Amino acid sequence: AEEFIIRLSRIYRYIIKSIEQDVASVNNAINFAVDYVALLNIRFPNKLDFQVDASLDKNNYDYIPVMSLQLLIENAVKHNIPDDYRKLQIKISRRDNNLIVRNSINETEIYSSKDSLELGLKNLYERYRILGLQCPQIRNTESFFEVELPIIQKK
């Protein structure tokens, strides 16, 4: 319970701090994602395999739209509900000037991709468009779903 409250308070602080911001540093976004996944692990104990590439640059010059990682992680869980037989794998890494969020595909009968309105991804595209940036790229295969988020450089 104590760990849950600490992580939840960090999440709320991040949301309140960034509510009027368009972008967040990749470093802050990843720290937020770690706390968010920790809460998901309470809901789905031992069913999520979350990895952040250790070689990911931790500078404060790389940015992405606020709450982008949360949206993609939430979508991964929503569309691939983890079960006792297969952990849902989510990995964050970098490829060139893009942040890559990749998750495994766990087909479930509870939720079908046909049920999706893709509102989260449309929202993400729109945020990049408003910022005047290249839109995220998506790769969807039988084994994984991957979103490539262009990194915004600010100095």
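Q: Before we look at this predicted model, what counts as a pocket?

A: A pocket is an open set of grid points with protein on both sides within 12 Å along at least five of seven lines. In this predicted model, the second largest pocket holds about 320 Å³ of space.

Q: Which residues should I click on to find the centre of the second largest pocket?

A: Try Tyr-14, Lys-17, Ser-18, Ala-24 and Asn-28, which lie closest to the centre among the 16 lining residues.

Q: Which helices and strands supply at least two residues each to that lining?

A: Look at helix H1 (2-18), strand S1 (23-25) and helix H2 (26-43). H1 gives the largest share, with six residues.

Q: And how does the lining of the second largest pocket divide into nonpolar, polar and charged residues?

A: It's a mix: six nonpolar, five polar and five charged.

Q: Now the helices. At what angle do H3 and H4 pack?

A: For a helix pair, an angle over 145 degrees counts as roughly antiparallel. Here H3 (residues 68-79) and H4 (residues 119-130) pack at about 160°, their axes 10 Å apart, so H3 is roughly antiparallel to H4.

Q: Is the crossing of H3 and H4 left-handed or right-handed?

A: Left-handed.

Q: Which residues meet where H3 packs on H4?

A: On the H3 side you'll find Ser-68, Leu-71, Leu-72 and Asn-75. Across from them, H4 brings Gly-120, Leu-121, Asn-123, Leu-124 and Arg-127. Sorted by class, this contact has four nonpolar, four polar and one charged residues.

Definitions and conventions
Residues are numbered from 1 along each chain as its sequence is written. This is a predicted model: local features need pLDDT of at least 70, side-chain atom pairs count only at pLDDT 80 or more; totals for chains, interfaces and linings use all residues. Side-chain values use heavy atoms; hydrogens and water are left out. On a 1 Å grid over the protein atoms alone, a cavity is a set of points where a 1.4 Å probe fits but cannot get out, and a pocket is an open set with protein on both sides within 12 Å along at least five of seven lines; lining residues have an atom within 4 Å of a point. Grid points are joined across faces, edges and corners, and a volume is the space filled by probe spheres set on the points. Helices (H or I, at least four residues) and strands (E, at least two) are DSSP runs, numbered from the N terminus. Ala, Val, Leu, Ile, Met, Phe, Trp, Tyr, Cys and Pro count as nonpolar, Asp, Glu, Lys and Arg as charged, and the others, Gly among them, as polar. Axes are lines fitted to C-alpha atoms, for helices over the stretch in contact, and angles run from 0 to 180 degrees between N-to-C directions. Angles under 35 degrees count as roughly parallel, over 145 as roughly antiparallel, 65 to 115 as roughly perpendicular and the rest as oblique. A crossing is left-handed if the near helix is turned anticlockwise from the far one by less than a right angle, and right-handed if clockwise. Contact means heavy atoms within 4.5 Å.
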